[in-house]
Structure formats: C-alpha cells, structure tokens
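Load the model in your viewer and switch to a cartoon view. Keep a selection box ready for the stops below.

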Amino acid sequence: MKQYRLSELAAALDASVVGDEQLLITSIATLKSAQSGQISFLSNPKYRAQLAQSKAGAVLLRHTDLEGFSGNAIVVEDPYVGYARLAQLLDSTPLPSDLIHPTAVIDPSAKIGEGCCIGAHTVIESGVILGNNCHLGANGFVGKNTIIGSGCKTWANVSIYHGVTIGDNCLFHSGCVIGSDGFGFAPNQGTWFKIPQTGGVVIGNRVEVGANTTIDRGALDSTMVGNGCILDNQVHIGHNVIMGEHCAVAANTVFAGSTEIGKNCIIGGACAISGHLTIAQGVTITGMTMVIKDIDSAGVYSSGMPSQTNKEWRKNGARYRQLDAIAKRLKQVENQLKSD
C-alpha cells in the first residue's frame, strides 16, 4: 500500500501544511467516511458542516475554510483539483494486464515496445506498432497497421480496428470500439449501396474513452479526436467528425458525421448533434440538447425540456400543436392593426 507523509503530498501540490507534516496518509475518502490514515477535501460549501465531525487525518482546504478548524490541513486554491491530483498519486487501480499472457496472439511483424503487457486471448495483427509501457486487457483486438503510442491502457474487450493512430497515455474502457465503419450508404432506387470506409481514426494524447463508446472511421479522410479529450460511456462519434482539444462529452451523446467541434467544448449527456455542422470553441451544450445548425460563438446552449407532471405535459403538447394556427391568427391581427 502506498503511503506518503503529509509534507510529501503538500510538496506534490506546491501547497503548505497546517499541522503534523509527518502524518502518514494511505488513501483518500469523503469527509463523512474518512479515518485517521486518510485525507479528505472540502470543495463544496454545502459540506462544510461535516468538517468539524470528520475523522480524516487531514483535509484539503481553502485558506478561508481554516477558521475554526483544528485538524491537519493542506491549504490549496482549489481543493477539488488538489483532490484529483492526489487521487492520481494514491491510485490503487490495478493495471489491465501485468504480463504478456501465453494465450495472446501477436503477429511476428508487430513491433511491441518495452515494458508492454498484453492480456489473455488478445489479438494483435500484422503491422501494429505498440509503444513502450502499454497495458492491453484480455480479449482485446488491435487491427492491422494500427499505431498506439506509449503509456496507453485498454481494459478488457476493447476493439481497435485497422489503420488507427493513437497518441500517448490514452485510456480505453471495456467494450469501446475504435475504427468501426462509418454509416456511409448511397441510396439507389430503393436500395442502399455501401460506401467503403477507407479513412482512419486519429486520436491525440491523453484521451480517455468510456465503456461501450464507438468512434467510427472516416469515409475518405480520418475521424479525429484532439489531445486531452474525455469521452464518457456510450458516446457515438460518427465518421469524419473532428473534435478539438480538451473537449468533455457526457454519456449517451451522439455526433453525426462530418461535424467539427472546437476546442474546450463541454457537451452534456444525451445530446444529439446533427451532421456537417461547425461548433465554435468554448461552447457548453447542456444535457438532452438537439443541435441542428452551426454554433458560431462561445456560450451556453440548451434545448432539452425539463420534466413536468404528465397533466402539464399533455396540456402543453396540445398547445404546441396549435402554435402554427396561433401564429397565423397573430399575423392577421398585426396586419389588421397596421391597416387601422
């Protein structure tokens, strides 16, 4: 078990200690559940009442929260960011694999970097290049001529198709599929002609892809996900989407093909983004929003309806169906007023 003196944790955060610098910390917990060998944090004022009763060995605090607190503390500007950084330092999550399993099937032409571990029954096809210190979980698949950078991790049952390029220090959770065919079909007299999807997928550095998320390969050019993007579970990114750096996308959101998303966008859960659109950088889209036209400036955008009683919803639904008739009557009244 990892353990650190409080002074060591403070040094990692470039912060100061109030109290016992030699106190040993082994893990992080909430204010309510923490015990003497654990550190907690206070970032949300609504939990300040728990501070006095907390049994935590130490707490990450803002300077303004020190008043009246007699315990050990690390003083930081942003306790939540401090928590995230210490959580990485104290992380006890096991690796997806810790050896090259004898049942792994690795083509002789694949180049496997130093320190790599490959789980049971994982298949690595010809022409693959795998960087140093990668850990691939069990039952995975890496297709022909795919390039994966150093320090990447894939959990069990991740499928990465052929011709995909992935940067360094990326994380892929179970069941995600990278490089499957985009939804490309040409209509022809009531039937559909499949368009071969011959582009690839290019993923930058430090990208995290959630469980059962799918990123389609491009039709001709590549689908692209920029550095530092975080994608939640069950997100779908269609072919030839270009996503700028450091975007965050919550679960169940879908992007139709050939849409371009700027840097530093935050997109809530269960959103639907139509194809061939451009979304500016710095845009926030709240949950359950449907985007059907370009967004050309930063800001917060919404369209999802909040919940209401069924009786209200039925009444408002009936009114919604009458909007066109109401608009026409209003126009007639306006024209009549203008003529009087």
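Is Ser 97 buried or exposed? Keep in mind that this is a predicted model. Select Ser 97 and compute its relative accessible area: the value is 5%. The cut-off for buried is under 20%, so Ser 97 is buried.

**Stop 1: around Ser 97**

Ser 97 sits in the loop that links α2 to β8 (105-106). Show its contacts, leaving out residues up to four places away in sequence. You get Cys 117, Ile 118, Gly 119, His 135 and Leu 136. The strand β10 covers 117-118, so Cys 117 and Ile 118 belong to an edge strand of a sheet that comes up later.

**Stop 2: the five-stranded sheet**

Now select β2, β7, β6, β5 and β4, in that order across the sheet. These 5 strands make an open sheet with mixed pairing. Look at the edges: β2 (16-18) and β4 (27-28) each have a single partner strand, so one side of each has no neighbour in the sheet. Zoom in on β2 and β7 (residues 72-75), which run antiparallel and are joined by 3 bridges. Ser 16 is found opposite Val 75 of β7.

**Stop 3: two helices on that sheet**

Add α1 (residues 6-13), which packs on the sheet. Helix α1 touches β2, β5 (38-41), β6 (58-61) and β7, and its direction makes about 15° with that of β7. Next add α2 (residues 79-89), lying across β4, β5 and β6. Helix α2 runs at about 130° to β6.

How do the helices α1 and α2 pack, and at what angle? The angle is about 120°, and the axes are 10 Å apart. That angle makes α1 oblique to α2. The crossing is right-handed. Show side chains for the contact: Leu 9, Ala 12 and Leu 13 from α1, against Gly 82, Arg 85, Leu 86 and Leu 89 from α2. By class, these contact residues are 5 nonpolar, 1 polar and 1 charged.

**Stop 4: the ten-stranded sheet**

Move on to the open sheet of 10 strands, with parallel pairing. Step through the order β10-β13-β16-β19-β24-β27-β30-β33-β36-β38. The edges are β10 (117-118) and β38 (299-301); each has a single partner strand, so one side of each is left without a neighbour in the sheet. Finish inside this sheet with β30 (residues 248-249) and β33 (residues 266-267), which pair in the parallel sense over 2 bridges. Select Val 249, then its bridge partner in β33, Ile 267.

Key:
Residues numbered from 1 in each chain as written. Predicted model: local features only at pLDDT ≥ 70, side-chain atom pairs only at ≥ 80, totals over all residues. Heavy atoms only, no water. Pairing = 2+ DSSP bridges. Helix = DSSP H or I, 4+ residues; strand = E, 2+ residues; numbered from the N terminus. Contact = heavy atoms within 4.5 Å. Axes fitted to C-alpha atoms, helices over the stretch in contact; angles between N-to-C directions. Parallel < 35°, antiparallel > 145°, perpendicular 65-115°, else oblique. Left-handed = near helix turned anticlockwise from the far one by under 90°. Nonpolar A, V, L, I, M, F, W, Y, C, P; charged D, E, K, R; others polar. Buried < 20%, exposed > 50% of the residue type's maximum accessible area, 1.4 Å probe, protein only.
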